[in-house]
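Student: Got a minute to go through this one with me? I'd like to talk about the ligand site.
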Amino acid sequence: MGLSFHPDTVSLPVGHFIGGEMIAAEGAIEMRRPSDGKAYTACPIAGPEVIDCAVASAKAALKASNWGNVRPRERTKALQAWADLVEAEAETLAKIEALCSTRPVGQLVAGDIAITAEQIRFFAEFADKEGSELVPTDDATLGMIMSEPYGVVGAITPWNFPISMAGWKLGPALAAGNAVVLKPSEMTPFSAVYMAQLAVKAGLPAGLINVVLGDGSTTGTALTGHPEIAKVSFTGSTRAGSAIMENVARTGVKPMTLELGGKSPQIVFADADLDKAATAIAGSVTFNAGQACVAGTRLIVEKSVADRLTAAILEKMKAVRPGPTWDEATQYSPIISERQRARVDGIVRAAIEAGGECLTGGGVMDSPGYFYEPTLIADVDQANPAIVEEIFGPVLTVQTFETEEEALALSSHPTFGLASGLFTSDLSRTIRFARKLEAGTVWVNRYSRSRDHILPTGGYKRSGIGKDLGREAYLANRRTKSVLISL
Ligand code: NAD
């Protein structure tokens, strides 16, 4: 049996979590399990009064605990205790997440949760290592760049990796001395509530993490526009990121970090290890059924090896093992909702209508859950909908090139610049491409993150502003003050 479980046995923390307490709220948005389509509960929608209450609780917690100004090592220790508890409670947390989301329970325990605990510890270590600095001035003055937390950070996360995304926001904000009001996605909100409960159990001051449930238009708008939210940290679509910028511009300027959408290329040269490339490329579009911001959905391959590589990728795409997220053996995820699956299918149809040739997949799977076949589409030009749109599903396109210039031209996307992959054994070409690719991440002879959390992640172009992970994410949660003293 191991980690597998029956989905009707999981108890969910349904409600807002404010000031260390669960706040009961009426369900408003029907929620269905992606794995079998069964309705299981409803997500409440926090209005402005709930946001007021959460922000007030965050401010009160900062004041009572002096979190922003305690000895920094105390913050490190408290966050480490929280990370330990997240790990100790991994099975319960994984059940909550697997029930509601597209993340299989086995991958959650070994991957998402283990890595999130590690990332919380990584950020905790910055608390007593990054700080204010003295700057060179003349003898008669002392100049200082004083670093301080913002106060209350408003964070908003998407549904595709709910625990990881919550960790990316909470870890650096808390380590940097802030309190947080977090609004997780209305489709997958409960794992964040449970993580916040664990934080209080681990000894973090109640009210330091507040989780408000709700949608974008009511809850998200109230949160980002709240006058006492000092900084916004957002991960989600480029469309929602633009709406947040507009709302913030209208309600009061404040700094923001925006981690947005992508449409990332994977460029393969004939001199690459093609077996390795096929594994990485197929893995990148089938992992979480392609519902990853960095999914490498545009294969751009040197013509002479295109047939060979495509055949190897096809074989791997066909070998996926779909199953319910509560089965430990499941490798291949459902799509988050019926609506999102219909969107994926709509773009695939439009791509074929525009001249694309579907080499495999291209349809919904025969299952009560929202599964979609891994899909490979060839013969697409730069205007094809499958090239232009972020599909957020298991769909890969294939384009071919004969020269480096052609490869570079095809890899550039008018809107997105989140990640990119390059497969080659030529070192000089690697450097040329690393310099020229317009993306926040360049992976060479691999297509995935490692556990080197010091490498920041974020987008060029409309894929975002600012970074998650790395030192940059910590520093983005501090503001600086210039102090000049006449001696
Ligand atoms: P989404 O933009 O629809 O929703 C994300 C979050 O924003 C949700 O919590 C939602 O309720 C909220 N939201 C929506 N409109 C809002 C508004 N006007 N004001 C405030 N909040 C609002 O995205 P999604 O469908 O949940 O997630 C998929 C998207 O997230 C994809 O575009 C993907 O590329 C992106 N993503 C990016 C990264 C990254 O690191 N760049 C990571 C994961 C996901």
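Tutor: Sure. One term up front: a polar contact here is a pair of N or O atoms within 3.5 Å. Also keep in mind that this is a predicted model.

Student: OK, so how far is the polar side-chain atom of Trp159 from an oxygen atom of the ligand?

Tutor: That distance is 2.9 Å.

Student: And which residue offers a polar backbone atom to a ligand oxygen?

Tutor: Gly236 does, at 3.4 Å. Arg239 also has a side-chain N or O atom 3.4 Å from an oxygen of the ligand.

Student: How much of the ligand's accessible area does the protein cover?

Tutor: The protein covers 90% of the 840 Å² that the ligand has on its own. As for location, the ligand is in the largest pocket.

Student: Switching to the neighbours: how many residues surround the ligand?

Tutor: There are 30, and the closest are Thr157, Glu186, Ser237, Leu260 and Glu390. By class, the shell splits into 14 nonpolar, ten polar and six charged residues.

Student: Which helix gives the largest share of that shell?

Tutor: H8, with four residues. Elements that each supply at least two include helix H5 (162–175) and strand E10 (231–235).

Student: Why does the ligand lie between the domains?

Tutor: Because domain 1 (7–260 + 464–486) and domain 2 (265–453) both give residues to the shell around the ligand.

Terms used
Residues are numbered from 1 along each chain as its sequence is written. This is a predicted model: local features need pLDDT of at least 70, side-chain atom pairs count only at pLDDT 80 or more; totals for chains, interfaces and linings use all residues. Side-chain values use heavy atoms; hydrogens and water are left out. A residue is near a molecule or strand if one of its heavy atoms lies within 4 Å of it. A polar contact is a pair of N or O atoms within 3.5 Å; within protein, one must be able to donate a hydrogen and the other to accept it, and residues adjacent in sequence count only if both atoms are side-chain atoms. Accessible areas come from the Shrake-Rupley method with a 1.4 Å probe; for residues, only the protein chains shown count as cover. On a 1 Å grid over the protein atoms alone, a cavity is a set of points where a 1.4 Å probe fits but cannot get out, and a pocket is an open set with protein on both sides within 12 Å along at least five of seven lines; lining residues have an atom within 4 Å of a point. A molecule sits in a cavity or pocket if more than half of its atoms lie within 2 Å of its grid points. Ala, Val, Leu, Ile, Met, Phe, Trp, Tyr, Cys and Pro count as nonpolar, Asp, Glu, Lys and Arg as charged, and the others, Gly among them, as polar. Domain bounds come from an automatic or database domain assignment.
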